[in-house]
Amino acid sequence: MDEHVLNRRRVLLGTGAVAIGGVAVAASASSASANGDSGPSGSWVISRKDDPPGDTMTVTTVVSFAAGGVLISQDISPAASPFTGTWARRGDGGFQGTMWVGQPGPAGPDKPGLTVRVRIRGSVRKDKLSGTYQFSVFDPSGAVVAHGTGSFTGHPIEA
């Protein structure tokens, strides 16, 4: 395996990159909004996988869609740092969102390190959530040092 792929895997696993999960919220997983648009709500367990040439390991993640557009995600197997961000309905069960996470720099927790942005697009159909994501890893200067895409599927977490 070449050094670039090895470094990319270390970066992605170390930061929880491409995570799509988080803290549970008290809401029906497939409830409709007040204006009648259906879409995600509550928390979901998903399986996600990067597209080749990325790491093809399947990761289990919890993703939570909360009122006010709050999006929280965390890989749980293997475990990683949580991502936070925002999401919006796209109509007919569709949604989109953007999440971010950062990590300390190599010189310690008070020094800038890598940041990761994940953009998701998906839909909910009959208690099944599915979609795709794009991620970018940025160095402290803001330059992209890695990027990729992947897909996910999941089901609601029952209260």
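A residue counts as buried when its relative accessible area is under 20%, as exposed when it is over 50%, and as partly exposed in between. Keep that yardstick in mind, because it sorts residues such as Asp92, which at 62% relative accessibility counts as exposed. One more thing before we start: what you are looking at is a predicted model.

Let's begin with the overall plan. The protein chain has one helix and eight strands. If you follow the sequence from its start, the helix comes ahead of the strands, in the pattern α-β-β-β-β-β-β-β-β. The eight strands make a closed barrel, running β1-β2-β3-β4-β5-β6-β7-β8 with antiparallel pairing. Neighbouring strands of this sheet are turned by 30° against each other on average, direction ignored. As background, strands of a sheet pair through backbone hydrogen bonds, and they can do so in a parallel or an antiparallel way.

For a worked example, find strand β5 (residues 94–102) and strand β6 (residues 115–125). These two run antiparallel and are joined by nine bridges. Which residue of β6 is the bridge partner of Gly94? The partner is Ser123.

Now for the chain as a whole. Of its 159 residues, 43% count as buried. The chain exposes about 8100 Å², and carbon and sulfur atoms supply 54% of that area. Among contacts between residues at least 6 apart in sequence, 49% join residues at least 24 apart.

Next, look at the aromatic rings. A search of the whole structure finds three aromatic pairs. In one of them, the ring centres of Phe65 and Trp87 are 5.2 Å apart and the planes stand at 80°, so the pair is edge-to-face. This pair links distant parts of the chain, with Phe65 in strand β2 (residues 59–66) and Trp87 in strand β4 (residues 83–91), 22 residues apart. Phe65 also pairs with Phe95: here the centres are 5.1 Å apart and the planes are at 70°, so this pair is edge-to-face too. Phe95 sits in strand β5, 30 residues from Phe65 in strand β2. Together, Phe65, Trp87 and Phe95 form one aromatic cluster. Are its members buried or exposed? Phe65 is buried at 2% relative accessibility, Trp87 is buried with a relative accessible area of 10%, and Phe95 is buried with 0%.

Charged residues come next. In general, side chains of opposite charge can pair when their charged atoms come close. In this model the count comes to three salt bridges. Arg48 takes part in one with Asp75, where the closest N and O atoms are 2.7 Å apart. That pair links strand β1 (residues 42–50), which holds Arg48, with strand β3 (residues 70–77), which holds Asp75, across 27 residues. Arg48 forms another salt bridge with Asp50, the closest N and O atoms being 3.8 Å apart. Arg48 has a relative accessible area of 6%, so it is buried, and Asp50 is buried with 5%. Asp75 is buried as well.

The remaining example takes us back to Asp92. Its side chain meets that of Arg125 in a salt bridge (3.8 Å, N to O). Asp92 lies in the loop between β4 and β5 and Arg125 in strand β6, so the pair ties together parts that are 33 residues apart in sequence. Arg125 has a relative accessible area of 44%, so it is partly exposed. Arg48, Asp50 and Asp75, meanwhile, are joined into one network by salt bridges that share partners.

Conventions
Residues numbered from 1 in each chain as written. Heavy atoms only, no water. Pairing = 2+ DSSP bridges. Helix = DSSP H or I, 4+ residues; strand = E, 2+ residues; numbered from the N terminus. Axes fitted to C-alpha atoms, helices over the stretch in contact; angles between N-to-C directions. Buried < 20%, exposed > 50% of the residue type's maximum accessible area, 1.4 Å probe, protein only. Contact = heavy atoms within 4.5 Å. Areas by Shrake-Rupley, 256 points an atom, 1.4 Å probe, with all protein chains shown as cover. Phe/Tyr/Trp six-rings, centres within 6.5 Å; stacked < 30°, edge-to-face > 60°. Salt bridge = Lys/Arg side-chain N within 4 Å of Asp/Glu carboxyl O.
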